[in-house]
Amino acid sequence: MANLTRKKRPVTRILHWTIFLGVIGCVPVIFGGNAYYMYVATLIGIYIITSMGLNFTLGYTGQISLGHAAFMGLGAYTVALMTLNGYSFWLALPLGVLITFVAGLALGLPSLRVKHHYLALVTLGFGTVIYLLFSNEYEITGGFSGLPGIPRPSFFGLDLSSDIAFYFLVAAFLVLLTGIALWILNSRWGRAFKAIRENDMRAEMVGVSLLTYKLLAFAIGAAYAGIAGGLLAPLMKFVDPTSFPVHESFWFLIMLIIGGSGRFEGPFVGAIVVMLLPQFLRGTQQLYFVIFAAITLILLIFWPGGLTSLLDVFFRRVLRRNPPQFTK
Amino acid sequence: MNNILEIAGLRKKFYQLEAVAGVDFEVREGEILGLIGPNGSGKTTLFDCITGIQRPTAGEVRFMGKRITRMKPHCIYQLGIGRTFQLVQLFPGMTVLDNMIMAIQESEGTVLSRLFQMDESKDEKKAIELLEFLNIIHLKDQIAKNISYGQQKLLDMGMVLMSKPKLIMLDEPMAGVNATLGKEIAERLIELNRRGCSFLIIEHNMRVIMNLCHRIVVLDYGKKIAEGSPEEIQNNKQVLAAYFGG
Amino acid sequence: MFIQLVVSGIAIGAIYALVAIGFTLLWQASRTVNFAQGDFLTVSAVLMFIFVCLGVPFIWALLITVVIAAVLLGFVVKKAIIQPLIDRSHTTIIVATIALSFLASNSVATFWSAQCRAFPQIFGMTPYRFGSIALSRQNVWTIIIAISLILAINLFIQRTKPGKAMQAVAQNREAAKVLGINISRVTTMVFVMNAVIVVFAAMLIAPVFMVRFDMGAQLGLKAFYSAAIGGFNQIRGALLGGFLVGIIETFSSAYLSTEYREAFVLVVLIAVILIRKEGLLGTEEQ
Ligand SMILES: Nc1ncnc2c1ncn2[C@@H]1O[C@H](COP(=O)(O)OP(=O)(O)OP(=O)(O)O)[C@@H](O)[C@H]1O
Ligand SMILES: [Mg+2]
């Protein structure tokens, strides 16, 4: 099982962070010359953020969200509309996060009171309505023509509009959000999340309010998607409704399951695999959907921990660092 | 003497079967009340209804004068009712220590403060004390699902003791625990009782029940068939009939 | 105009009701929320279309499709996907059916065609005339066939032994087990039954919609909404929900706004959930 509350040794932790930051730093050194590669790398960063959010919702507290594309869309359109009207990105992004967080609370509160599958229903409905709004409110959202010309931000006079600079902005957010996620998961919230996942009945009998924690996890998940959306808009310099249809949310779920739902590394592995594989193989997008959907089913049935758990097993076998433990 | 828990006309129906069929009794403050009855007589269901895990079909439960029927389980816990389960209920993937801390963390502070409280030494100390008492301190860093059933049972009990509840409800605490330790647990329960904690205990081991309890309530087919001191119950014809099918 | 709208609302509603009944049957038997329901429909329509194109007479195309769907979408899906997951959380099964939905629709797009094709008008084109009112043959036959099917399903559940076993499982799995009912077998039967129902729904909808890899997506959702509006655990609920959704949709797109016609259904749905969370005819579950 995932070991999110297991206290890691400081050395291991430092090693992990070094690798993480090292990889982020190396990407532009290797691919910096190629605008398309940099675009893909930035996009991967954004999708990791979304999946991390979804991991709070699905992975850590076992709720389904079919509204993640819509949350992302809300973040993207907020940033797009505000920056196009001359407001600063640094004002627009927090507002987008606030909007998605509140939207998450507003959706979660009524549906979590009812029954688990109602959350699927309500988020699905929400996703549909948001998509309809983006497509049909021409005066505001530009309908299907979208909103072109979204500026990239600058940071205290530092211009971030080049592809590499923007990559580093997304990377900075990724590092920050990874840190925040780690903080949350190592706090008492994280322990409560885990307790709910392991035995929700017992969790209630030690005083855990399921509603409060599920709602929090859901809203945090929404807010992460909101940030990802807010970064997506200036990356593409353009938003339109076709980036946020309902089945995009299905796609995020698949991404997370492939990586490993409920595992801290899951979103990273999932987003990287799902985004990179099509770059190496040739074929239609639909073929990838077929392949990834099949992989998802197989993983769900045989390895619910996703690729992360497979990697785990692999490393243990190969490195024999952590032989299976029996009582001391 | 005040009543800490009052149960009035409590019923729970599963489709056709009435598992609890109108039960009234009370737990007095500071007493150890035994709840006995043949298998399937509705004891565990009654516990579930009191603690909010099951929603009773009818009737009322009052805890320290406050109506707790239909309250959420976590609120009932925070009012001061702790319970163990017949089939142990733990957080199987967490360490023993984390299980213990989990049992107290929600009773302290606010939701927001729980995000920022990183120092847990106070709770850890308390947990270690209790684990020492229960003789499972050497397992504190083991994953809960890897320890033996009896040890899990002790852990379950330890979790209840973490938050100092006013009423402790134990569902067959002695089943699967060795006799020596059973005796120690009984001593500890008496000690806690002396300090003012009330108990409601389900147990099939008659010796334990008769020695431990001040009063006993007997259920059969979801109904209360007898109530009284251990001596009275031992000599009650109806009770003997229910148990031995007379 | 008004009568035609009512008739077409009822016709599309009957199809929703049919798909929604399959949906609620699955829910009752195995707590599966089947997000692939619409894609089952797509697959069935495509199979039928392929057979018709091969020159197979329509009735045979239908029968062959029923058999294939019963095996593939019923038996295989149950045994290979739902069975291994049935003891995990509801969420896991939901995610699995979502993945299945992706798999089905994209397989159709990849291995058959991503284009849309016109399905033959099996009921004919000339409308029936009743005085000044003209009703499309498609709508009339849809209503007749769907309602007969619904009646047949009801009879099966109420009168036959397997049907009664299904009811028992739906009401209380534990009790059913005690009564000696083989739950796994009943669940498999329900999956097969659902597949057959879906094939008929596909037959009714295909002449109206085009045959396309994503033709079922909307329909599956509508069935989901219908079931939720009417009540997840009641066949009557699915029936009522289906007709309601069909009529609301038809009228709102005729008189209010086509862009937001999906939104009107959602508004009704949310209102129902807020007022009566079990759905209009649903009952509270344990
Ligand atoms: N969730 C449920 N659904 C249906 N019936 C149930 C359910 N839970 C319990 N029952 C039934 O209710 C009755 C009472 O069960 P309960 O577990 O309360 O008995 P008990 O007195 O605790 O028995 P034991 O001494 O064996 O633990 C039994 O007949 C049981 O089968
Ligand atoms: Mg019991």
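Q: Is A:Arg191 buried or exposed?
A: Buried means under 20% relative accessible area. In this predicted model, A:Arg191 has a relative accessible area of 5%, so it is buried.

Q: Which residue forms a salt bridge with A:Arg191?
A: Side chains of opposite charge can pair when their charged atoms come close. Here the partner is B:Asp98, with the closest N and O atoms 3.0 Å apart. The pair joins two chains, because B:Asp98 lies in helix α3 of chain B and A:Arg191 in helix α8 of chain A. B:Asp98 is buried too, with a relative accessible area of 11%.

Q: What does B:Glu108 form with A:Arg188?
A: A salt bridge, in which the closest N and O atoms are 3.0 Å apart. The pair crosses between chains. B:Glu108 sits in the loop between α3 (96-105) and α4 (111-116) of chain B. A:Arg188 belongs to helix α8 (residues 188-198) of chain A. Relative accessibility is 17% for B:Glu108, which counts as buried. For A:Arg188 the value is 0%, and this residue also counts as buried.

Q: Which residues are linked with A:Arg188 and A:Arg191 in a network of salt bridges?
A: B:Asp98, B:Glu108, B:Glu120, B:Lys122 and B:Asp123. The two pairs above, B:Asp98 with A:Arg191 and B:Glu108 with A:Arg188, can be read as parts of that network.

Q: How many salt bridges are found over all chains?
A: The whole structure has 23. One of them lies within chain B: B:Glu227 pairs with B:Lys224, the closest N and O atoms being 2.6 Å apart. B:Glu227 counts as partly exposed at 31% relative accessibility. B:Lys224 counts as partly exposed at 32%.

Q: Why is α1(B) described as largely enclosed by the rest of the structure?
A: Count its buried residues. They make up 8 of the 9 in α1(B), so the helix is largely enclosed. Among them are B:Leu46, B:Phe47, B:Cys49 and B:Ile50. Charged residues appear as well, including B:Lys43 and B:Asp48.

Q: What follows α1(B)?
A: B:Gly52, with a positive phi near 85°. The loop between α1 (43-51) and β4 (58-63) of chain B also holds B:Arg55. B:Arg55 counts as partly exposed, at 49% relative accessibility.

Q: Which residues form a positive surface patch with B:Arg55?
A: Patch members need over 30% relative accessible area and no salt bridge. Here A:Arg113, B:Arg70, B:Lys72 and C:Lys277 join B:Arg55. The patch thus draws on chains A, B and C.

Conventions:
Residues are numbered from 1 along each chain as its sequence is written. Chains are lettered from A and ligands numbered from 1 in the order in which they are written. This is a predicted model: local features need pLDDT of at least 70, side-chain atom pairs count only at pLDDT 80 or more; totals for chains, interfaces and linings use all residues. Side-chain values use heavy atoms; hydrogens and water are left out. Patches are made of residues with over 30% relative accessible area and no salt bridge: like charges are joined within 9 Å, nonpolar side chains (Val, Leu, Ile, Met, Phe, Trp, Tyr) within 5 Å. Accessible areas come from the Shrake-Rupley method with a 1.4 Å probe; for residues, only the protein chains shown count as cover. A salt bridge is a side-chain nitrogen of Lys or Arg within 4 Å of a carboxyl oxygen of Asp or Glu. Lys and Arg count as positive and Asp and Glu as negative; His and the chain ends are not counted. The place of a charge is taken as NZ of Lys, CZ of Arg, CG of Asp or CD of Glu. Helices (H or I, at least four residues) and strands (E, at least two) are DSSP runs, numbered from the N terminus. Buried means under 20% relative accessible area, exposed over 50%, partly exposed in between (1.4 Å probe, protein chains only).
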